[in-house]
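Here are some short exercises to work through with the coordinates open in your viewer. Try each task before you read its solution.

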Amino acid sequence: MQLDKQYIDTLENIKEKIRQAQYKAVIAVNSQLLELYWEIGNIIHTRETEEGWGAKVVELLSKDLRNEFPGKRGYSSRNLRYMRDFAKEYPDFSILQPVVAKLPWAHHLIILQKVKDFNLRQFYIQKAVENSWSKSVLQIQIESQLHQRLGNAITNFKTTLTSPDSDLAKETFKSPYVFNFLSIEEKMKERDFENALLKNITKFLLELGSGFAFVMQQAPIDVDDDEFFPDLIFYHIHLRRYIVIDLKMHDFKPEFAGKMSFYLSVFDDQWKTENDNPSIGLLLCKGAKKIIAEYALRHITQPIGVSTFLFKDEPLPEEFKNDLPSIEELETEIKYVIEEQKNWVDKKIEALKEQTKNSKKEQIQISRSPEVLKDLFHSFILPIFEPLLKELSKFNELFIEHKFIWHIQNSNNSKTESLESLADFISFGNKLENFNHLRGVIFHAAFKTYKAAGLNFFSIGEGFELKLNEYFYEIKLNEIKITKLYHQLLNNEETNFIKEEFIKIIISEIENRI
């Protein structure tokens, strides 16, 4: 039976309503969770302020809540303190809830910890919601000072575009663009740069921002039997314009603006339809002097922006860091403090010696050696990995592939060896010479292609680290850190805690992806 257009339109309409209902359900659940967390945090904050509650009370509260609700996650003492901070920073939660509730709890924790200004928090919440940022992307945008870079490109939009398009276009472009997924390569040519961006097109689009759709690389335009090839063509859905990007591996020069003006004139004649607005040009340069760029754009009639870019490990411009003191200022201040406090320090040292004379704390008894590390391997490392792998194997049936890897780190990380089976790992631990330069072990569990997600499959990768210092060892699992002297072994409770927390992280990540 042939389906008519009316039926197809009806089907699409119903599918869209289902999607909207699913989205509303997710938002409602998240809103309820955040409201609960705010209420718990507000109670704790009030008790701390009015009744002097301390850290011990919060730890006791965490223990009692987990005993009462054993199947519920999120009531660790650390998370309770985050709830307190959440309530403290958002005292008018009911007013903010419609916007705040659209962002998951994990995203709010990143914003709370990294952004101190209230208005900036609202900015990053709004941008994270608009662009559906993951946690890692949100963190990168905060660390790269997106709020200062957005709308920072040098443009002629005020004279070439009408309002409100000029304002929207201005806020669409940023400067500098931070391509932290690319490293600087000596003698890199513009075509190499272009190809590297396209190999990382997903990350490139994330840095460009919402609304950009990739169209073509080296788009041919013909003029009077000559061919020209602008580097990259995008289409911006909200602006309804083509964006023509030209990449320059050196500083901006006035003639770049003339060439871009030529590209836009021809491109609009040959590509633009009656449904499209006139195209915008973006010159992405290694550097740009503001006054030179403004003069170059002043009398050009096509809308053009000039932005700079940074590669991985390149520092942000100085104007983005002007709140930080210089090295010289810090050194001067430190010297002053040292001179002023010499006598005070001497007295304090004597007092500390007296205080610790009868200390009951464990004292350092042994330091790192191959023999000590081998004993640690067999008394702690293996006993935790064998039951952990058994627990992790329960996830295998959910994914098409799985892999467990032990990254063996040696002195100064100059050599890293990867072992991909428990048998190899055990074999490694039986040879004393393997511990001569051992400095750490990173365990990584990777599950690839979630079966039940269909076309929207996803993969999960999580790990934790055993760091071997001179006199102690550390287990680091996300923000959890357990530190022990070498003559101290983890007890069963601590071992089970590490195993359970790692499993919880895997489950949480799968739930978040779903």
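**Exercise 1. Confidence.** Find out how many contacts beyond four places in sequence the model has for residues 322–327, and put this beside the confidence of the chain.

*Solution.* Start with the local stretch: this is a predicted model, and over residues 322–327 pLDDT stays under 50. For these residues the model has 1 contact beyond four places in sequence. Next, turn to the whole chain, where the mean pLDDT is 82 and 86% of the residues reach 70 or more.

**Exercise 2. Two aromatic pairs.** Classify the ring pair of phenylalanine 173 and phenylalanine 212, and say which parts of the chain the pair ties together.

*Solution.* We need two quantities, because a pair of aromatic rings is described by the distance of the centres and the angle of the planes. The rule for pairing asks for centres within 6.5 Å, and by this rule the count comes to 47 aromatic pairs. For phenylalanine 173 and phenylalanine 212, the centres are 6.3 Å apart and the planes make an angle of 70°. Planes over 60 degrees apart count as edge-to-face, and that is the class of this pair.

Now place the partners: phenylalanine 173 lies in the loop between α10 and β2, and phenylalanine 212 in strand β3 (residues 212–217), so the pair ties together parts that are 39 residues apart in sequence. Then check burial, for which the cut-off is under 20% relative accessible area. Phenylalanine 173 has 1% and is therefore buried; phenylalanine 212 has 9%, so this ring is buried too.

Repeat the steps for phenylalanine 377 and phenylalanine 435: with 5.8 Å centre to centre and 70° between the planes, this pair is edge-to-face. Phenylalanine 377 sits in helix α16 (residues 370–392) and phenylalanine 435 in the loop between α17 (422–429) and β12 (438–450), 58 residues apart. Both phenylalanine 377 and phenylalanine 435 are buried.

**Exercise 3. A serine in a loop.** Decide whether serine 175 is buried or exposed, and find what its side chain reaches.

*Solution.* First locate serine 175, in the loop between α10 (165–172) and β2 (177–179). Its relative accessibility is 8%, so serine 175 counts as buried. Its side chain reaches the backbone nitrogen of threonine 308 at 3.1 Å.

**Exercise 4. Strand β6 and its neighbours.** Work out which side chains of β6 point one way and which the other, then list the strands that pair with β6.

*Solution.* Begin with the general expectation: in a regular strand the side chains alternate between the two faces of the sheet. In β6, Leu232, Phe234 and His236 point one way, while Ile233 and Tyr235 point the other way. Of the 5 residues of β6 (residues 232–236), 5 are buried.

Then look for partners. β3 pairs with β6 in the antiparallel sense over 5 bridges, and there alanine 213 stands opposite tyrosine 235. Strand β7 (residues 241–251) also pairs with β6 in the antiparallel sense, over 5 bridges; here leucine 232 has isoleucine 245 as its bridge partner. Finally, in the β6–β7 hairpin, with 4 residues between the strands, arginine 240 takes a positive phi near 55°.

**Exercise 5. Around a glutamate.** Identify the residues that glutamate 48 touches, leaving out those up to four places away in sequence.

*Solution.* Glutamate 48 belongs to helix α1 (residues 5–51). With the sequence neighbours left out, glutamate 48 touches Trp53, Val58 and Arg84. For arginine 84, the two side chains make a polar contact at 3.1 Å. For valine 58, 10 residues away along the chain, the C-alpha atoms are separated by 9.6 Å.

Note on methods
Residues numbered from 1 in each chain as written. Predicted model: local features only at pLDDT ≥ 70, side-chain atom pairs only at ≥ 80, totals over all residues. Heavy atoms only, no water. Buried < 20%, exposed > 50% of the residue type's maximum accessible area, 1.4 Å probe, protein only. Polar contact = N/O pair within 3.5 Å; in protein donor to acceptor, adjacent residues only side chain to side chain. pLDDT = per-residue confidence, 0-100. Contact = heavy atoms within 4.5 Å. Phe/Tyr/Trp six-rings, centres within 6.5 Å; stacked < 30°, edge-to-face > 60°. Pairing = 2+ DSSP bridges.
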